[in-house]
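Me: Could you pick one loop and take a close look at it with me? After that, I'd like to see how you'd read the rest of the chain in the same way.

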Amino acid sequence: MYLYIKRVVDIFFVILFSPFWLPLMMVLAVVVKLSSPGPVFFKQKRYGRNCVFFMIYKFRSMYTNAPKDMPTHLLQNPQAFITPVGRFLRKSSLDELPQLFNILKGDLSIVGPRPALWNQDDLIAERDKYGANAIPVGLTGLAQVSGRDELPIEKKAAYDGEYVKKIGFFFDLWIMLRTVFAAVSRRGIAEGKTT
């Protein structure tokens with residue numbers, strides 16, 4: 001039952017805060033376009049709820065010659081691919097702002113397991129153990145506020161499983177508040193191999 005309420009809450013919050021994020025998105029779009037050649041937005045194939053694929057939107061933070069289907073933290077030298085403006089966008093998590101359109105479309109929820117890349121079958125298999133593939137993926141999630149890129153796949157999936165058990169309005173609200181803190185503190189962001 002909560003999943004239906006969750007969808008209504010997602011739309012409500014995105015529309016409520018649209019006077020803040022829409023102007024910011026317009027400014028960032030101009031900055032990205034003027035800062036380096038290439039499109040403003042970056043689209044990538046991701047796993048959604050029940051392992052259905054969708055295209056996720058981000059502000060482009062890398063040069064156009066960057067590998068498109070590899071998580072940045074697995075790149076040997078990610079700094080060679082990230083634009084100067086992209087560094088700021090990624091550190092502040094503002095590159096994720098276009099995903100608010102994914103939320104309005106119904107691809108994403110505000111809170112849920114982060115959508116895995118189309119080729120991250122290991123993460124999908126781990127999440128399957130906890131039933132975490134059966135709930136909506138999110139803009140932020142329990143794993144995001146508990147370590148983000150620093151977490152191994154098994155730990156991320158375990159946090160996603162914990163979220164499945166505790167899913168509810170107040171738990172979502174708590175994760176949203178922690179997300180703001182994590183974004184400001186820039187905790188858990190790893191730009192390059194961590195092992």
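**Starting from one loop**

Reply: Look for Cys51 in the loop that joins β1 (41-47) to β2 (53-59). Those labels follow DSSP: helices are runs of H or I with at least four residues, strands are runs of E with at least two, and numbering starts at the N terminus. Before we go on, note that this is a predicted model, where local features need pLDDT of at least 70, side-chain atom pairs count only at pLDDT 80 or more, and totals for chains, interfaces and linings use all residues. Residues are numbered from 1 along each chain as its sequence is written, and side-chain values use heavy atoms, with hydrogens and water left out.

Now, the odd thing about Cys51: its phi is positive, about 60 degrees, although it isn't a glycine. Is it tucked away or out in the open? Cys51 counts as partly exposed because its relative accessible area is 28% (buried is under 20%, exposed is over 50%, and partly exposed is in between, using a 1.4 Å probe and protein chains only).

Ser93 makes a nice partner for that. Ser93 has a positive phi too, about 65 degrees, and it isn't a glycine either. You'll find Ser93 in the loop between α3 (84-92) and α4. With a relative accessible area of 19%, Ser93 is buried.

Let's stay with loops for one more stop. Ala116 sits in the loop between β3 (109-111) and α5, and its relative accessible area of 0% makes it buried. Try finding Phe53 from there: Ala116 and Phe53 are 63 residues apart in sequence, and their C-alpha atoms are 9.7 Å apart in space. You can play the same game with Met25 and Pro98, which are 73 residues apart in sequence and 7.5 Å apart from C-alpha to C-alpha. Met25 belongs to helix α2 and is buried, at a relative accessible area of 6%.

Next, the outside. Ile15, Leu22, Met26, Phe101 and Leu104 make up a nonpolar surface patch with about 440 Å² of accessible area together. To be in a patch, a residue needs over 30% relative accessible area and no salt bridge; like charges are joined within 9 Å, and nonpolar side chains (Val, Leu, Ile, Met, Phe, Trp, Tyr) within 5 Å. The areas come from the Shrake-Rupley method with a 1.4 Å probe, and for residues only the protein chains shown count as cover. α2 (18-35) and α4 (99-105) each give the patch at least two residues. Ile15, for its part, lies in helix α1 (residues 2-16), and it's exposed, with a relative accessible area of 51%.

Follow α1 and you'll meet helix α7 (residues 169-185): the two pack at an angle of about 40 degrees with their axes 11 Å apart. That makes α1 oblique to α7. For the bookkeeping, axes are lines fitted to C-alpha atoms, for helices over the stretch in contact, and angles run from 0 to 180 degrees between N-to-C directions. Under 35 degrees is roughly parallel, over 145 roughly antiparallel, 65 to 115 roughly perpendicular, and the rest oblique. The crossing of α1 past α7 is right-handed, meaning the near helix is turned clockwise from the far one by less than a right angle (anticlockwise would be left-handed). Helices α5 (residues 121-128) and α6 (residues 153-166) also pack at about 40 degrees, with axes 9 Å apart. That makes α5 oblique to α6, and α5 passes α6 in a right-handed crossing.

Last topic: charges. Side chains of opposite charge can pair when their charged atoms come close. How many salt bridges does the structure hold? There are 7, where a salt bridge is a side-chain nitrogen of Lys or Arg within 4 Å of a carboxyl oxygen of Asp or Glu. One joins Lys6 to Asp172, at 2.7 Å from N to O. That pair ties together distant parts of the chain, with Lys6 in helix α1 and Asp172 in helix α7, 166 residues apart. Lys6 and Asp172 are both buried. Glu126 bridges to Lys129, with the closest N and O atoms 2.8 Å apart; here Glu126 is buried at 15% relative accessible area, whereas Lys129 is exposed at 61%. Asp107 and Lys105 meet at 3.4 Å, N to O, and Lys105 is exposed at 51%. Finally, salt bridges link Lys58, Glu96 and Arg114 in a network.
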